[in-house]
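Biologist: Could you walk me through this model, one question at a time? I would like each answer to show its reasoning.

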Amino acid sequence: MPDNPKIELALGPCFFNWSAERLVDFYRGIAEEADIDRVYLGEVVCGKRMPFTDAIWPDIMEMLTKAGKQVVLSGLAQPVNKREREILRQQAGYDMPIEINDLSMVPGRAGQEFTAGPFLNVYNEASLRLLADRGATAWCPPVELPLVSIQKIAALVPEVDIELFAFGRLPLALSSRCYHARAHGLRKDACQFVCDRDPDGMNIATLDDRRFLAANGIQTLSDAVHVAGVTSGQLQATGIRRLRLSPHSLDMVKVAGTFRRFLDGELTCEDLNAELAGQGLPGPVCNAYLAGDAGWKTATLPA
Amino acid sequence: MKSPEAKAMELVCPAGTPAALRAAAEAGADAIYCGLANETNARNFPGLNFSPEELAEGVAFAHRKGSRVLVAINTFARAGDVGLWREAVDTAAQCRADAVIAADLAVLDHAASNHPELRLHLSVQAAANTPEAIRFYADTFGVKRVVLPRVLSVPEIASLNKEIDVETEVFVFGGLCVMTEGRCSLSSYATGKSPNLTGVCSPPEHVDYTEDADGKLQARLGGFTIDSFEQGQAAGYPTLCKGQFTAEGKTGYLFEDPVSLNAFELLGDLSKAGVTALKIEGRQRGKAYIAGVVGAFRKAVDSLSDGGDPGPAIGALKAFSEGGRQTAGSYKKTWR
């Protein structure tokens, strides 16, 4: 049997409005302790938050790079105004790895390598091929795409590294309306940045008091925490080379360690779910998007 | 750069059936959009949409009435099955459609490479809302028009139009997506089916209503109770983003009230903003609705360009909205 390369772990961009201090501490912990190969940084959800964290990224990048992590700058998923468009234009020209989350950035990248992020609508091999022709060397599929589709695409576009969204509340929707502001009786233009009160998102329940979704400014996430308990062997068979863990307020160093042990065969899928559930998840475990079912459910995944 | 107010805005009207297409053409639609009866279009509901034969006949009928036909092939092709979407583009071209409305890079690429004579419109599902994104589609595929996602205010649309060479089309009436179109998986999270994956949102087979002990009707989607109606109150359809939820200890319409879009009062502003075409939502609607709404918009658009009073036509439209409540949505910045 050919010696397959080890499945890598990546830390996705933080979706939530964490303070600059919190982010610095968080990434220091990742740099010093986490068994993670690649780290995505930057604000992807709301351009209004950017001025609060702009200054911290260069030092964080240096710290992570020195620790041997590959650092990738993630772009804003829904640029709306001139300032945000200008930021994306500049970032597209950076001589460092970037992740594109809105097609606005593709022309500015001018054929240089990039990661196609989960906010891009890439659902089939022909769209991925088209982006690969324009510089995409890695791809994190949209979260609703089932494993069978990812496997077909991986087989047909083998030159692109595929990274599976594997841990965290699922990023489900973007809007121009801010739901944090709306829930607090405010408008987006005078939002008072109330989204900073919910480091894992604002819990949203149904009328029969069942937890369902989570709001994060203009973004809507799942309440449940998606856990892709797919074994290394099955990931390799599917053509997936890396798992993406999305930051939450629990100990992400521990989460990464748990995933590493699962990928190394020390834990079963049941062990993985049970260990993570004991680490303070913001919601119950789910995974059924991978099986092509409703995302909130849990399904048995191929072992 | 386009000169604003160069000509009257074009009226783009929905048709889910051949009868609705004929009604729209008779009522004065400049263009009619419709889809093939499969998952290639974002209104993939039973009993709706066109066979290739119906499409060819519909195009011929519309052309005789002076209307154009735009074929929506606006879902994202399923991995390994891109052929079905490519065939839909081929069918639209064979039926002599005037344009294809597409969102998927794969579909746009096929149309641009194999049917260079076929006009391409960028679907709202592509969510292109910056000059850079729109130019990407124009430069890569020769897209001639972009249907704008409902995230921009009228002044933002005006400023966008100054920076791009392609035409813009905006939704002015009917159902309202609260989330950015093409960037929403709420429906698949609850039901397994979504606009991007399968061309449906909040699908009817996942909807049920039950009466609770107090006689209230509870509306559920995928088993999640997302709306409730008093006895005798008209029960609305539980579309996910227009349901009631609890957050921060308060229960209400967190994302959006059960309102529909009516940008009628903004028609003059949209024209000044350089908008080329006005789109009416509602391919699931019957021919009476189509005839009424299209007729009223025709009068309003004509009176706008003739300097007449659009007031009576505006009044007529109020009766066509769901539950009577309407919003101008993101076109007014305060909506956000």
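Biologist: What radius of gyration does chain A have, set against that of a compact globule?

Modeller: This is a predicted model, in which local features need pLDDT of at least 70 and side-chain atom pairs count only at pLDDT 80 or more, while totals for chains, interfaces and linings use all residues. Residues are numbered from 1 along each chain as its sequence is written, and chains are lettered from A and ligands numbered from 1 in the order in which they are written. The radius of gyration is taken over C-alpha atoms, and the globule rule is 2.2 Å times the number of residues to the power 0.38. For 303 residues a compact globule would have a value near 19 Å, which agrees with that of chain A, 18 Å.

Biologist: What percentage of the residues in chain A is buried?

Modeller: A residue is buried if 20 or more other C-beta atoms lie within 10 Å of its own, exposed if 12 or fewer, and partly exposed in between, with C-beta atoms placed from the backbone. Among the 303 residues of chain A, the buried share is 55%.

Biologist: Which residue of strand 3 of chain A is the bridge partner of Leu41(A)?

Modeller: Helices (H or I, at least four residues) and strands (E, at least two) are DSSP runs, numbered from the N terminus, and two strands pair if DSSP finds at least two bridges between them. Strand 2 (residues 38–41) and strand 3 (residues 70–74) of chain A pair in the parallel sense over 4 bridges. Within strand 3 of chain A, the partner of Leu41(A) is Leu73(A).

Biologist: And which residue in strand 4 of chain A does Ser74(A) stand opposite?

Modeller: Strand 3 of chain A also pairs in the parallel sense with strand 4 (residues 98–100) of chain A, over 2 bridges. In strand 4 of chain A, the residue opposite Ser74(A) is Glu99(A).

Biologist: Is Ala110(A) buried or exposed?

Modeller: Most residues other than glycine have a negative phi. Ala110(A) has a positive phi of about 50° although it is not a glycine, and it sits in the loop between helix 5 (106–109) and strand 5 (114–116) of chain A. Because 10 other C-beta atoms lie within 10 Å, Ala110(A) is exposed.

Biologist: Then is Asn49(B) buried or exposed?

Modeller: Asn49(B), not a glycine, has a positive phi of about 85°. Its place is the loop between strand 2 (31–34) and helix 2 (52–64) of chain B. With 24 other C-beta atoms within 10 Å, Asn49(B) is buried.

Biologist: How many residues of chain A are in contact with chain B?

Modeller: Two residues are in contact if their C-beta atoms, placed from the backbone, lie within 7 Å. On the chain B side, elements giving two or more residues include helix 4 (105–114), helix 5 (131–141) and strand 8 (179–184) of chain B. While chain B takes part with 50 residues, the number from chain A is 53.

Biologist: Which residue of strand 8 of chain B is the bridge partner of Ser175(A)?

Modeller: Strand 7 of chain A and strand 8 of chain B pair in the antiparallel sense over 2 bridges. In strand 8 of chain B, the partner of Ser175(A) is Met179(B).

Biologist: Which strand gives the most residues to the largest nonpolar core?

Modeller: A nonpolar core is a set of buried Ala, Val, Leu, Ile, Met, Phe, Trp, Tyr and Cys residues joined through C-beta atoms within 7 Å. The largest one has 214 residues, and Ala24(B) and Ile32(B) are among those with the most contacts inside it. With 9 residues, the element that gives the most to this core is strand 7 (residues 161–175) of chain A.

Biologist: How far apart are the C-alpha centres of the two domains of chain B?

Modeller: The bounds come from an automatic or database domain assignment, which gives domain 1 (10–176 + 259–335) and domain 2 (186–252) of chain B. Their contact takes 10 residues from domain 1 of chain B and 7 residues from domain 2 of chain B. The C-alpha centres of these domains are separated by 27 Å.

Biologist: How many residues of strand 7 of chain B are buried?

Modeller: Strand 7 (residues 167–174) of chain B runs parallel to strand 6 (residues 145–147) of chain B, joined by 3 bridges. Val146(B) stands opposite Thr168(B) in strand 7 of chain B. Strand 7 of chain B is mostly covered, and of its 8 residues the number buried is 7.
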